[in-house]
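Me: I am new to this protein. Could you take me through how its parts hold together, one question at a time?

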Amino acid sequence: MPEHNADLVVLGGGSGGYAAALRAAELGMSVVLVERDKLGGTCLHYGCIPTKALLHAAEVADAAREGDKIGVKSSLAGIDMAGVNGYKDGVVARLYKGLQGLVKSRKINLVEGTGRFEGPNAVVVGDDRYVGRNVVLATGSYAKSLPGLDIGGRIITSNEAIHLDSVPNRVVVLGGGVIGVEFASVFRSFGAEVTIVEALPRLVPAEDEFSSKQLERAFRRRKIAFKTGVKFTGAKQTEESVTVSLESGEEIEADVLLVAVGRGPNTAGHGYEEAGIAIERGFVLADDRLRTNLQNVYALGDIVPGLQLAHRGFQQGIFVAEEIAGLAPAPIDEAGIPRVTYCEPEVASVGLTEAQAREKHGDIQTLVYDLAGNGKSQILQTQGAIKLVKAGGEGTPGPVVGIHMVGARVGELIGEAQLVYNWDAQAEDVAALVHAHPTQNEAFGEAHLALAGKPLHSHS
């Protein structure tokens, strides 16, 4: 078997894997990057980019439908899914071509094929063996289903949902987390009747309860139905429809059942366990420096426990490359990673929820700033709010440890929010900054003014 040697061998070319490869090459290492599908992974081809393109198309559809509200004579004649898919696929293709060129320009050896890790330090692809002084495992995740629920026909996951050639009239979305509410938002904007089924007590259950309540209120206004605290028991499909059964005895008939119950770590069949990699519940165990239990073998992204976010994997890729190069980067604070759900309205957060902050800090102070007091939010006709969580009770100094926002485009505010959290800023620090008028960013500043005890456009 031919053997090839490199400073770094990366198994998986998604956000984390290619980031590790690019940064390692930049630091002078020889790099082999193995990918069985397409460079860019789930994020570029099946997740972040195509779904956000669909969400933008949905936003345009809503704008056309609601133009009369602001004096613009417009109407929505319909959704041309061939045109929507052409737009979406064009965005993906351009980014894919750019990424391919970038990897080639860094002289990274891109190996296309299914790789299998063989301890202690090699990845085998076909008849070739790639041996690295260091190895990074970055094989990503897959769309999960439930036991006994087979994907096929009218029962689909997000992988199939991004390629639909027509808009279904009725959709049941199984799962009220990030993926579920984003697709529910798209389908509703495209004109479908949508019902979300979530076993936990609220939508986006990983977010602060404040955010869940805000989103649920907005979804009611949009006539997106949802059933929380209800368990799914089964689904039967015919050529014409799919019928979803709930534990309550209720049945819901739809054209499509979208299974959005989360993503699982893609670790099976890659040789990890056979090579002695420590695995728990399917996840590769790694320490805060992303080292596995095998020397010079690292793991990152969706296969390690924690937030399954492309930008988390990307940052971890950079971290691992710098760690291998001896630059001793600071460990990544998971709570400091920004989180955005791109439905309408958007949900964005960073730091701790109120419950987490109480558990960690004891006394805390919270403040909610309603977007009704913000000029740009009124112009955009969005409703929502910003919630701040401060360590320490009222009247005592302490950093802002949680920021939670709901409203149109609030994901664009998360950049400043993550700086506030990650740099341990206090409300007074942010209140002293000038925020441009009229912007929604201004609402972020006003919220901190109020938390600092000097509210202007609020009744705090």
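The turns below go from domains to salt bridges to one glutamate.

Me: Which domains is the protein divided into?
Reply: Keep in mind that this is a predicted model. One domain comes in two stretches, 3-142 and 264-334, and this is domain 1. Domain 2 covers 155-261. The list ends with 345-452, which is domain 3.

Me: How far apart do the C-alpha centres of domain 1 and domain 2 lie?
Reply: The two domains do touch: 18 residues of domain 1 are in contact with 15 residues of domain 2. Their C-alpha centres are separated by 27 Å.

Me: What area is buried between domain 1 and domain 2?
Reply: The size of an interface is often given as the accessible area lost when the parts come together. Here carbon and sulfur atoms give 64% of that area. The total for domain 1 and domain 2 is about 1300 Å².

Me: How many salt bridges cross the interface of domain 1 and domain 2?
Reply: Polar links exist here too, with five residue pairs in polar contact between the two domains. For salt bridges across this interface, the count is two.

Me: Which element gives the largest share of the side of domain 1 that touches domain 2?
Reply: Between domain 1 and domain 2 there are five residue pairs in polar contact. On the domain 1 side, α3 (48-65) and α4 (81-105) each supply at least two residues. By class, that side has 11 nonpolar, three polar and four charged residues. The largest share is 10 residues, and they come from α3.

Me: How many residues apart in sequence are the parts tied together by arginine 133 and aspartate 7?
Reply: These two form a salt bridge, with the closest N and O atoms 3.2 Å apart. Arginine 133 lies in strand β6 and aspartate 7 in strand β1, so the pair ties together separate parts of the sequence. The separation is 126 residues.

Me: Is arginine 133 buried or exposed?
Reply: The cut-off for exposed is over 50% relative accessible area. Arginine 133 has 60%. Therefore arginine 133 counts as exposed.

Me: Which strand holds the arginine that meets aspartate 255 in a salt bridge?
Reply: The partner is arginine 170, at 3.3 Å, N to O. Aspartate 255 sits in the loop between β14 and β15, 85 residues away along the chain. Arginine 170 is in strand β9.

Me: Is aspartate 255 buried or exposed?
Reply: Its partner arginine 170 is partly exposed, at 26% relative accessibility. Buried means under 20%. Aspartate 255 has a relative accessible area of 13%, so aspartate 255 is buried.

Me: Which residues form one network with glutamate 354 and lysine 387?
Reply: Glutamate 354 and lysine 387 form a salt bridge, the closest N and O atoms being 2.6 Å apart. The pair links helix α9 to strand β23, 33 residues apart. Lysine 387 is buried, at 5% relative accessible area. Salt bridges with shared partners join this pair into one network with Asp208 and Arg358.

Me: With which serine side chain does glutamate 207 make a polar contact?
Reply: Glutamate 207 lies in the loop between β10 and α7. It is buried, at 8% relative accessible area. Beyond its neighbours within four places in sequence, its contacts include Arg202, Arg339 and His404. The polar contact, at 2.7 Å, is with the side chain of serine 349.

Note on methods. Residues are numbered from 1 along each chain as its sequence is written. This is a predicted model: local features need pLDDT of at least 70, side-chain atom pairs count only at pLDDT 80 or more; totals for chains, interfaces and linings use all residues. Side-chain values use heavy atoms; hydrogens and water are left out. Domain bounds come from an automatic or database domain assignment. Contact means heavy atoms within 4.5 Å. Buried area is the accessible area (1.4 Å probe) that two parts lose on being put together, summed over both. A salt bridge is a side-chain nitrogen of Lys or Arg within 4 Å of a carboxyl oxygen of Asp or Glu. A polar contact is a pair of N or O atoms within 3.5 Å; within protein, one must be able to donate a hydrogen and the other to accept it, and residues adjacent in sequence count only if both atoms are side-chain atoms. Helices (H or I, at least four residues) and strands (E, at least two) are DSSP runs, numbered from the N terminus. Ala, Val, Leu, Ile, Met, Phe, Trp, Tyr, Cys and Pro count as nonpolar, Asp, Glu, Lys and Arg as charged, and the others, Gly among them, as polar. Buried means under 20% relative accessible area, exposed over 50%, partly exposed in between (1.4 Å probe, protein chains only).
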